[in-house]
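The following exercises concern one protein chain. Each sets a task and then works through its solution step by step.

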Amino acid sequence: MKIAKDMVAALAYELEVEGKIADKAGKEKPLEYIHGNHMLLPRFEEEVEDKEPGDRFEFTLSPAEGYGLHEPERVIDLPKSAFVVDGVLREDLLQTGRIIPMLNSQGHVVQGTIAEIAEDTVKMDFNHPMAGKTLHFTGEVVAVREATKDELQFGLHGEYLPPEEDGEEHKCCHGKGHCHEKDGDHECCHGEGHCKKEKE
């Protein structure tokens, strides 16, 4: 059986970036996804399409074919007050290199990486961690099968379920804080509760 649209493919692979293994999945716990449903990079799916169990693959994706170029405008400064929860600055969140889930202006969760911590601000990088990187993949097709009706409707792990919405509020990634957005930019971010869109 070959990898084609709406087939569940299981892949063992290694991702090498700048001479180091950045990610991998072994045969005992392979990456599983539904092919042709935009769950993986389009060029990645093109490279493994029509392959069968036992087939090996090796290919390199340029930054444009992968996670895009690093865009300076996606690096922004947030006030430290954005990380205050219940009147207390969450120092435990403020660690360079830490990835924090946040909401963008469309209400989608995006990952922001703390790039730098200054006296009053935190520089957040909303580029994908692999943006600007050349990706070299090697691996093997472990298994291929047809997706079930439920999997096609809801995803392998329920990832196709619509996000919960509550009027103007959106559930945030973690905890009790809240996030405000202003002029389409991220103004705050993390917390333990919900994020609100600021009305202007």
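A residue is called buried under 20% relative accessible area, exposed over 50% and partly exposed in between, with a 1.4 Å probe and protein chains only. By this criterion, buried residues make up 34% of the 200 residues in the chain. The model is predicted: local features need a pLDDT of at least 70 and side-chain atom pairs a pLDDT of 80 or more, whereas totals for chains, interfaces and linings use all residues. Residues are numbered from 1 along each chain as its sequence is written, and side-chain values use heavy atoms, without hydrogens and water.

**Exercise 1. Describe the overall architecture and state where the model calls for caution.**

Step 1. Helices (H or I, at least four residues) and strands (E, at least two) are DSSP runs numbered from the N terminus. The chain contains 2 helices and 16 strands.

Step 2. A contact means heavy atoms within 4.5 Å. Among contacts with a separation of 6 or more, 59% are between residues 24 or more positions apart.

Step 3. The predictor's confidence in each residue is the pLDDT, from 0 to 100. Its average over the chain is 81, and 78% of the residues score at least 70. Over residues 164–200 the pLDDT is below 50, although this stretch has 97 contacts in the model beyond near neighbours in sequence. Where pLDDT is low, predicted coordinates should not be read in detail.

**Exercise 2. Characterise the environment of Asn-127.**

Step 1. Locate the residue: Asn-127 lies in the loop between β10 (121–125) and β11. With a relative accessible area of 3%, Asn-127 is buried.

Step 2. List its polar partners. A polar contact is a pair of N or O atoms within 3.5 Å; within protein, one must be able to donate a hydrogen and the other to accept it, and residues adjacent in sequence count only if both atoms are side-chain atoms. The side chains of Asn-127 and Asp-125 are joined by such a contact of 2.8 Å. The Asn-127 side chain also reaches the backbone nitrogen of Glu-71 at 2.8 Å.

Step 3. Examine the Glu-71 side. Glu-71 is placed in the loop between β4 and β5 (75–79) and is partly exposed, at 36% relative accessible area. Glu-71 and Asn-127 are 56 residues apart in sequence, yet their C-alpha atoms are 6.7 Å apart in space.

Step 4. Complete the contact list. Leaving aside neighbours within four places in sequence, Asn-127 is in contact with Leu-69, His-70, Glu-71, Arg-74 and Val-75.

**Exercise 3. Identify non-glycine residues with a positive phi.**

Step 1. Recall the background: most residues other than glycine have a negative phi.

Step 2. Consider Asp-6, in the segment before β1. Asp-6 has a positive phi of about 70 degrees and, at 27% relative accessibility, counts as partly exposed.

Step 3. Consider Asp-50, in the loop between α1 (42–48) and β4 (56–61). The phi of Asp-50 is also positive, at about 75 degrees.
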